[in-house]
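Trainee: Could you take a close look at the aromatic rings for me, and then work outward from them to other parts of the chain? I would like one connected account, with the meaning of each term given as you go.

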Amino acid sequence: RCKNLSVSFWNSYWMLPPDVCGMNCFWEAAFRYDYVKTHPSEKMHLAVVACGERLEETVTMLRSAIIFSIKPLHFHIFAEDQLHESFKDILDEFPYEGRVNYTLYPITFPSESAAEWKKLFKPCASQRLFLPLILKNVDSLLYVDTDILFLRPVDDIWSFLGKFNSTQIAAMAPEHEEPRIGWYNRFARHPYYGVTGINSGVMLMNMTRIRRKYFKNDMTPVRLQWGEILMPLLKKYKLNITWGDQDLLNIMFFHNPESLYVFPCQWNYRPDHCIYGSNCKAAEEEGIFILHGNRGVYHDDKQPTFRAVYEAIKKYSFGDDLVHSLLQPLELELQKTTHTYCGRVYKVFIKQLTKSIRDLYARRSKGR
């Protein structure tokens, strides 16, 4: 059930008018849909690939996308067949009918090379490479790994599409901020983008441009389109790549650097940004926008700061007050992690989340 907030709390902490208080659960569920109806805009497309034991993690990611986003969302979920019914049962219970839709897809690779793509890196991971070819009617797409959590509206990263220049087709964040701990610049046996490579866990794509582009490469003087270049790249580099499809993307954008828009590290914040000391300056200043819990840190005790955020969002019930049910319990848990390097900077984990909640309630007060 929704909880009322005291007038003094709203006035002192959120700087919002007291008439926001006393809202009921129906408004919690209905507001966003009404807001979208009165503020028509494009639908945002988000894709994820889920295999194995990634159902819960994927659902938690989708929940985080829903909480703050303004424009309608369409989820494109690529999953093993045995997960489809579970996804359907869970997603059909989500309360935001009319502003959240989803489509389930099987895992598919080109038939002549399916075996090779399936065994590259992790099961199903290479599916993301084929999204522009499968989702032919989708103009733009945000791909994310299952271990992503949104701490601000999807709308904000979606807006980077409007910042692309005429040559840019995709946006990603650097793999590292600090070259001394970088993997690509120290160990890679293949070309990679920039100084430290790029991380493909959060990848914004103008898929129309991707499908039209002819890519420079080191295999032939002839430029190749997306569907033509993937298999030759794999054949040439499969003995030299470690991180599978991400390495192939690094190779591709090494040869076509003008095609990539690079966004700051707070849009893809990973354990490497804090386990050796804080090295994402943008997050220190503005907070974390998108949390990426790679290396399984949501499910073990190695990085309790990351796990605390994951557990808080997983447990949050749509319709509950975000301050009492999410933010305050999370901050208490984060304060218990200060014995770790990431825990020492735990405030960057809630800085943007706090702002996102405040902004959401401000939008609600204006929409009444």
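Mentor: In this predicted model, there are 20 aromatic pairs, where rings of Phe, Tyr and Trp (the six-membered ring of Trp) pair if their centres lie within 6.5 Å, and planes under 30 degrees apart count as stacked, over 60 as edge-to-face and the rest as tilted. One of them joins Phe160 and Tyr261, whose ring centres are 5.4 Å apart and whose planes stand at 50°, so the pair is tilted. Phe160 sits in the loop between helix H7 (154-158) and strand E6 (170-174), whereas Tyr261 belongs to strand E8 (residues 260-262), so that the pair bridges distant parts of the chain, 101 residues apart; helices (H or I, at least four residues) and strands (E, at least two) are DSSP runs, numbered from the N terminus. Phe160 and Tyr261 are both buried, a word that stands for under 20% relative accessible area, with exposed being over 50% and partly exposed in between (1.4 Å probe, protein chains only). Another aromatic pair, Tyr316 with Phe318, is edge-to-face, at 6.5 Å from centre to centre and with 85° between the planes, and here too Tyr316 and Phe318 are buried. Ring pairs also connect Phe160 and Tyr261 with Phe164, Phe263, Trp267 and Phe289 in a cluster.

Residue numbers count from 1 along each chain as its sequence is written. Because the model is predicted, local features need pLDDT of at least 70 and side-chain atom pairs count only at pLDDT 80 or more, while totals for chains, interfaces and linings use all residues, and side-chain values rest on heavy atoms, with hydrogens and water left out.

Close to E8 in sequence is Glu258, in the loop between helix H11 (245-255) and E8. Glu258 is partly exposed, with a relative accessible area of 30%. Setting aside neighbours within four places in sequence, Glu258 is in contact (heavy atoms within 4.5 Å) with Asn165, Thr167, Gln168, Lys213 and Lys216. The C-alpha atoms of Glu258 and Asn165 are separated by 9.3 Å, although these residues are 93 apart along the chain. With Lys216, the side chain of Glu258 makes a polar contact of 3.1 Å, meaning a pair of N or O atoms within 3.5 Å; within protein, one must be able to donate a hydrogen and the other to accept it, and residues adjacent in sequence count only if both atoms are side-chain atoms.

Beyond E8, the loop leading to helix H12 (281-286) holds Ile275, which is buried at a relative accessible area of 15%. Ile275 touches Arg295, Gln303, Tyr341 and Cys342, residues up to four places away in sequence not being counted. Arg295 itself lies in the loop between strand E9 (290-292) and H13, and it is exposed, with a relative accessible area of 52%. Most residues other than glycine have a negative phi. Arg295 departs from this, since its phi is near 65°, a positive value in a residue other than glycine.

From H13 the account passes to a helix pair. Helix H3 (residues 55-68) and helix H13 (residues 304-315) pack at an angle of about 75°, their axes 9 Å apart; axes are lines fitted to C-alpha atoms, for helices over the stretch in contact, and angles run from 0 to 180 degrees between N-to-C directions. That makes H3 roughly perpendicular to H13, given that 65 to 115 degrees counts as roughly perpendicular, under 35 as roughly parallel, over 145 as roughly antiparallel and the rest as oblique. On the H3 side Glu56, Glu57, Thr60, Arg63 and Ser64 meet Tyr310, Ile313, Lys314 and Lys315 of H13. Thr60 is buried, with a relative accessible area of 2%, and outside its neighbours within four places in sequence, its contacts are Leu149, Tyr310, Ile313 and Lys314.

After H13 comes helix H14 (residues 322-334), with Leu322, Val323, Leu326, Leu327, Leu330 and Leu334 as its buried residues. At the start of H14, a side-chain oxygen of Asp321 reaches to within 3.4 Å of the backbone nitrogen of Val323.

For the chain as a whole, there are 16 helices and 9 strands, and 58% of the 368 residues are buried.
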